[in-house]
Amino acid sequence: MEAYSVFKDLAIIIIFAKFFGILARKCKAPQVVGEIIAGLLIGPSILGLVEQTDFLMEMAEVGVVLLMFSAGLETDIKELLKTGPVAFLIACAGVFIPLVGGALFYMGFYGFAPWGSEKFYMAVFIGAIMTATSVSITVQSLKEMGKLKGKVGTTILSAAIIDDVIGIIVLTFVVGFKNPESNSGSVIMSTVLFFVLALVVGMILYRIFKKIDARYPHTRRIPIISLALCFFFAYAAEKFFGIADITGAYVAGIVLCSIKDSNYIEEKMEVSSYMIFGPVFFASIGLKTNIENVDGGILLFSAGFVLVALLCKIIGCGLMAKLCRFRGMDCLKIGVGMMTRGEVALIVAQKGLSVGLLTPVYFTSVILLIIVSSISTPIILKLLYARDKEPEAAAAS
């Protein structure tokens with residue numbers, strides 16, 4: 001293949017991803033859904049305009065690292081601390097129930113597997129995909145109804161942030177256990193050591209960046225150095241601790257999320273991520289999705305996968321909200337608000353594909369889950385709030 005043909009591939013990816021992204025937004029679906037469909041359409045399974053290459057795979061990896069860095073930058077530490085243990089408990093239930101439910105569903109569908117076998121790790125990974133929560137659709141819906149600042153809205157937002165942190169930790173463990181050279185003790189030690197060092201180094205770096213930010217506010221050197229920190233954390237996570245590079249990128253974002261210019265950093269990151277790396281990553285999901293081998297069995301699995309994923313979030317988060325003394329209708333709102341899936345589910349699935357825990361045909365199930373949850377969540381939330389006659393209490397300031 002000619003070296004310059006990559007420019008043709010990038011041109012096709014960007015144009016198709018943008019067009020279908022706008023089309024998805026017009027249909028009240030997340031833009032990411034359109035970008036995935038664009039990749040599926042131009043990929044080998046349908047039109048064959050673009051083929052997956054090593055270069056595109058590497059660009060997609062940069063894209064996912066930047067996405068997780070941005071997610072870390074958007075984390076509101078103060079909001080997390082303010083909502084306290086309630087959001088944490090809801091998030092834990094929102095991870096544990098889908099993790100177990102997804103693993104049991106996979107083994108129930110394909111047969112139970114002994115601990116440590118390849119099928120066992122695939123089952124656990126299916127559960128890990130279900131743990132992710134994408135709160136952007138829920139936030140937009142609550143904003144439109146004027147309910148975002150209420151107690152339920154604040155709890156959903158905080159629990160979703162914590163949920164993603166726990167989900168990334170779960171991904172780290174699952175990927176670590178898959179490594180044949182690792183054992184449970186080494187995986188746990190490596191993970192704990194990484195987060196301990198990240199905490200210590202992060203506090204030091206935060207103070208350094210805070211001083212730089214105070215001396216050179218709103219200058220381009222800050223996002224440039226921040227980007228270098230993101231890439232170094234991603235590298236160090238994989239190289240020295242054997243955990244996912246996206247974990248390192250996410251932690252780098254967390255380190256910088258509280259400095260004054262965090263929004264400025266995010267704004268600068270958004271330019272490259274939104275224009276090229278993001279579309280390449282999401283389109284690459286479509287490029288890798290193999291629909292040629294999709295048969296009745298996979299379609300049946302996908303339907304069950306979506307149903308289990310949605311119900312597990314509603315049951316897990318709703319029941320924990322009930323234990324935390326939310327009233328019945330609010331428990332259901334929290335459960336429904338937590339069931340949307342998006343970028344993090346794709347990121348987890350992408351990592352599973354790269355380490356051999358997932359095959360391309362199962363991307364069909366993940367994409368279907370994102371589409372169904374993104375469309376159904378706003379509709380169900382609107383119906384629930386329409387039935388709610390009592391005014392919702394505002395969150396404590």
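This report describes the helices, salt bridges and selected residues of one protein chain.

The model is predicted: local features need pLDDT of at least 70, side-chain atom pairs count only at pLDDT 80 or more, and totals for chains, interfaces and linings use all residues. Residues are numbered from 1 along each chain as its sequence is written, and side-chain values use heavy atoms, with hydrogens and water left out.

## The chain as a whole

The protein chain contains 15 helices and zero strands. Helices (H or I, at least four residues) and strands (E, at least two) are DSSP runs, numbered from the N terminus. The chain has 397 residues, and 53% of them count as buried. Buried means under 20% relative accessible area, exposed means over 50%, and partly exposed lies in between, with a 1.4 Å probe and protein chains only.

The accessible surface of the chain is about 18,400 Å², and carbon and sulfur atoms account for 68% of that surface. Such areas come from the Shrake-Rupley method with a 1.4 Å probe; for residues, only the protein chains shown count as cover.

A contact means heavy atoms within 4.5 Å. Of the contacts between residues at least 6 apart in sequence, 80% join residues at least 24 apart.

## Salt bridges

There are three salt bridges in the structure. A salt bridge is a side-chain nitrogen of Lys or Arg within 4 Å of a carboxyl oxygen of Asp or Glu. The table gives the partners and the N to O distances.

| Basic residue | Acidic residue | N to O distance |
|---|---|---|
| Lys-8 | Asp-9 | 3.7 Å |
| Arg-327 | Asp-330 | 3.3 Å |
| Lys-333 | Asp-330 | 3.3 Å |

Lys-8 has 46% relative accessibility and counts as partly exposed. Its partner Asp-9 is buried, with a relative accessible area of 4%.

Lys-333 and Asp-330 both belong to helix H13 (residues 328-337), where they are three residues apart, about one turn of the helix. Arg-327, Asp-330 and Lys-333 are joined into one network by salt bridges that share partners. Within this network, Arg-327 is partly exposed because its relative accessibility is 29%. Asp-330 counts as buried at 9% relative accessibility, and Lys-333 is buried with a relative accessible area of 0%.

## Two helix pairs

Axes are lines fitted to C-alpha atoms, for helices over the stretch in contact, and angles run from 0 to 180 degrees between N-to-C directions. Angles under 35 degrees count as roughly parallel, over 145 as roughly antiparallel, 65 to 115 as roughly perpendicular and the rest as oblique.

The axes of helix H12 (residues 296-323) and helix H15 (residues 363-387) cross at roughly 50 degrees and come within 9 Å. H12 and H15 are therefore oblique to each other. Residues in this contact include Phe-301, Phe-305 and Leu-310 of H12 and Val-366, Leu-369 and Val-372 of H15.

In the second pair, helix H9 (residues 221-241) and helix H11 (residues 262-288), the axes also come within 9 Å, crossing at roughly 75 degrees. H9 is therefore roughly perpendicular to H11. The contact is made by Ile-222, Pro-223, Ser-226 and Leu-227 on the H9 side and by Tyr-264, Ile-265, Lys-268 and Met-269 on the H11 side.

## Selected residues

Thr-131 sits in the loop between helix H5 (118-130) and helix H6 (136-145). Thr-131 is buried, with a relative accessible area of 1%. Leaving aside residues up to four places away in sequence, Thr-131 touches Gly-94, Val-95, Pro-98, Leu-99, Asp-163, Gly-167 and Lys-313.

Ile-97 is part of helix H4 (residues 77-110) and is partly exposed, with a relative accessible area of 30%. Between Ile-97 and Gly-316 there are 5.5 Å in space, C-alpha to C-alpha, although the two are 219 residues apart in sequence. Ile-97 touches Cys-312 and Gly-316, again not counting residues up to four places away in sequence.

Two loop residues have a positive phi without being glycine. His-218, with phi near 55 degrees, lies in the loop between helix H8 (184-215) and H9. Arg-325, with phi of about 75 degrees, lies in the loop between H12 and H13. Arg-325 is exposed, with a relative accessible area of 77%.
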